[in-house]
Amino acid sequence: MTATETELAVAAPSAVLEDCPPPSARSVVTAVRTAHRIMATSAEDAGRHSAPPQWDDEHGERATHLMTATADGVRTDAAALTVGLGALEEFCDRLDVLRPEHESLTTRRAALVRAASSSTLTDPDAIRTHNHAVEVLDTAVRDWNRRLHAAEDRLVPALASADTVAEAVSIARAADDVTDLRHDLTTAVEQGPTAVAVLWAGLAPAAREALLAAVPTVLGRTDGLPASVRDQANRLVLGDDLRDLRGARQDGTLTDAQRDLLERAEAVEQALARADRYVDPRTGDLAGAQLYVYDPRKFGGDGAVAIAVGDLDTAEHVATRVPGITTDILDTPTLTQEATNLYESARTAGPGTVASMAWLDYDAPDAAWDPATLTEGRAEDGGRRLADALDGLRASRPDPAHLTVIGHSYGSTTVGYALSEHDPDVDDVVVAGSPGLGADVDRAGDLGVDAGHVYVARNSRDPRRDARRPGGGQPRQRRRRARRRPQRGRLRRGPHPRRGHRPRRVRELRRPQQVLRARLGVAGQHRPGRRRSRRRRHARAALVRPVVGRAAGPGA
Amino acid sequence: MNRPEIDASPAALRRAAPLWESLADDLGTAGRRLTGAHDASATLGPRVQPALDRFLEQWGTSARRRSRQARGHGEQLREMSRTYTALDLSTADELRSLLPWPSTPSPGTPLTLLGTSTPQDPFGRTP
């Protein structure tokens, strides 16, 4: 047989698609949830007839009081059920995503098996097309199997961690201590991410489980916790949101506000599901995704989200990308895809494990004409949040990652504020399409990273290259180049012959700034290219910022 | 040595019994739910089923055991209440026969053997 004949043999699908648990699997969750609710209520009822916890049990009355002992016992059992129920719900939520894909793969596989076993495929081109389809299907099947195993690998240990009396007692004791734990956590959060990391490292597994069950919303947003914990917590919250909102939709009780909320949650679900499926180009294994931030109600409904591809807790190289104006939580699928692209590029560019995160935990302005775009209040606030997140990433890991921050458009201004005002420990900085890096940044060195580790990317046709804000500085090399160009003259000539009205947009951006400057009485003080002393810059910033905030309105 | 005393009227015992019986019913329902889930555990797949079975078996068994115990406590209270009432009646007859006639309570009046103060609910409720 020749090589050509070998290539032209009709291939049949070889990867075996594993069975997908049917929708009826959720009946187990329903049953456990009902049992859990009954037992929790029973524990509460019995607790009302029990000896008070603070009873001075000198004579052992409390210890021998049967109603008290029963209440304690039922409460313990309910605590164990809480752990199993959470894991089962998460598993079934994942199955809901996997099941339609399983049906599609089954159909495609059956068609390809039929085609391979029939004698209709004789044309070489048709055979090549068929074989390619088989190859694609086999890859998809293996990927699907891996994702099912990943879901099972999360569920089984969770069930095993709560299937003995000793474990349940430990979980229940920790649950009793949740109030104290929450207080400890609040105190640690006030002290900073390092204190949070230290607290978490010192907690018993049962205490961690109890906190996760009791306050997933808090854990999901706490800087300094391991990314895996935040991911677990945020997925629980996302799952709860989706269940509640879809239930309301099914019941016909969904309000307009809830419909918007569901749309935002589903955008995150979609992005996360896709990231979960992403396969590392080097290893062929799932890269893994982490939901680092999830709050669809934040920032007046624009929402906050951060999804990482790769493991933020262990990757040698970690990149955090901050997007710019017009982005909100509905853009999560696009932002996550960009993070995935960056992951893939980094993995193929060199050795070392990688994690790439799209971070949108700040209120990005809604449009170029949004007054918030012309001021830096949101960048300043976002900078603080970003710095906390970067500090949290650092603190949660015993081994330091090579940390790169990437800011795009207004996101670069946010990055500038984070680095210049809060000094997080960052190795490299990349800004792209940047309109400026904040009031205190005139040189790359102002960002607090080592020399040669600041990279500026821009498109020569990007109108933002000329955009400046009151108080908005740019890296020095940009200013020098900008001064050499007769940009203002060109802008005033009207629409560009090829790019239409785009330069006018720059003028639109400029005009309000000039108005603002005139209002503020600072016109002419800002001279691009002129190096101001740090003292003068601070004095100027102190003069400008509060007034800018008022001029731009409360939304700035 | 003083023996511990408890002031509990038969009525208080009868009121406590339903608490246990209600608890027994609820825990029995929870146990049955978990047992039912046990029957469906195979639907979650062969890799999950063993861990799920252990989990459901553990807490289903525990719920049923606690239900049985609660049921027993309720029955015990009702039995005590019945016994005390019978004891009251027989002791009353005996006392009535021993007491001087003017002090004799009218037939059928129950006597409180366990104290003269207001009977206390063993679970802290006001009667």
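Here are four exercises with worked solutions on helix packing, the chain interface and salt bridges.

This is a predicted model, in which local features need pLDDT of at least 70, side-chain atom pairs count only at pLDDT 80 or more, and totals for chains, interfaces and linings use all residues. Residues are numbered from 1 along each chain as its sequence is written, chains are lettered from A and ligands numbered from 1 in the order in which they are written, and side-chain values use heavy atoms, with hydrogens and water left out.

**Exercise 1. Packing across the chains**

Describe how helix 4 of chain A packs on helix 1 of chain B.

Step 1. Find the helices, which are DSSP runs (H or I, at least four residues) numbered from the N terminus. Helix 4 of chain A covers residues 66-117, and helix 1 of chain B covers residues 10-39.

Step 2. Take the axes, lines fitted to C-alpha atoms over the stretch in contact, with angles from 0 to 180 degrees between N-to-C directions. These two axes come within 13 Å and cross at roughly 20°. That makes the two helices roughly parallel (under 35 degrees; over 145 is roughly antiparallel, 65 to 115 roughly perpendicular and the rest oblique).

Step 3. List the contacts (heavy atoms within 4.5 Å). Leu66(A), Met67(A), Thr70(A), Val74(A) and Leu81(A) meet Leu19(B), Trp20(B), Leu23(B), Leu27(B) and Leu34(B). By class, nine of these residues are nonpolar, one is polar and none is charged (Ala, Val, Leu, Ile, Met, Phe, Trp, Tyr, Cys and Pro count as nonpolar, Asp, Glu, Lys and Arg as charged, and the others, Gly among them, as polar).

**Exercise 2. The whole interface**

Work out what chain B buries against chain A, and which residues of chain B lose the most area.

Step 1. Count the partners: 29 residues of chain B are in contact with 38 residues of chain A.

Step 2. Take the buried area (accessible area, 1.4 Å probe, that two parts lose on being put together, summed over both). The value is about 3,000 Å², and carbon and sulfur atoms give 74% of it.

Step 3. Look at the chain B side, where Arg47(B), Phe55(B) and Trp59(B) lose the most, together 23% of what that side buries.

**Exercise 3. Salt bridges**

Find salt bridges between the chains and within chain A (a side-chain nitrogen of Lys or Arg within 4 Å of a carboxyl oxygen of Asp or Glu).

Step 1. Over all chains there are 40 salt bridges, and four are counted between chain B and chain A.

Step 2. Arg47(B) pairs with Glu152(A), their closest N and O atoms being 2.6 Å apart.

Step 3. Within chain A, Arg26(A) and Asp96(A) form a salt bridge at 2.7 Å, N to O. Arg26(A) lies in helix 2 (residues 26-48) and Asp96(A) in helix 4, so the pair ties together parts that are 70 residues apart in sequence.

**Exercise 4. A steeper angle**

Describe the packing of helix 7 and helix 9 of chain A.

Step 1. Helix 7 (residues 178-191) and helix 9 (residues 205-214) pack at about 85°, with axes 10 Å apart. They are therefore roughly perpendicular to each other.

Step 2. Val178(A), Leu181(A) and Arg182(A) meet Ala207(A), Ala210(A), Leu211(A) and Ala214(A). Six of these residues are nonpolar, none is polar and one is charged.
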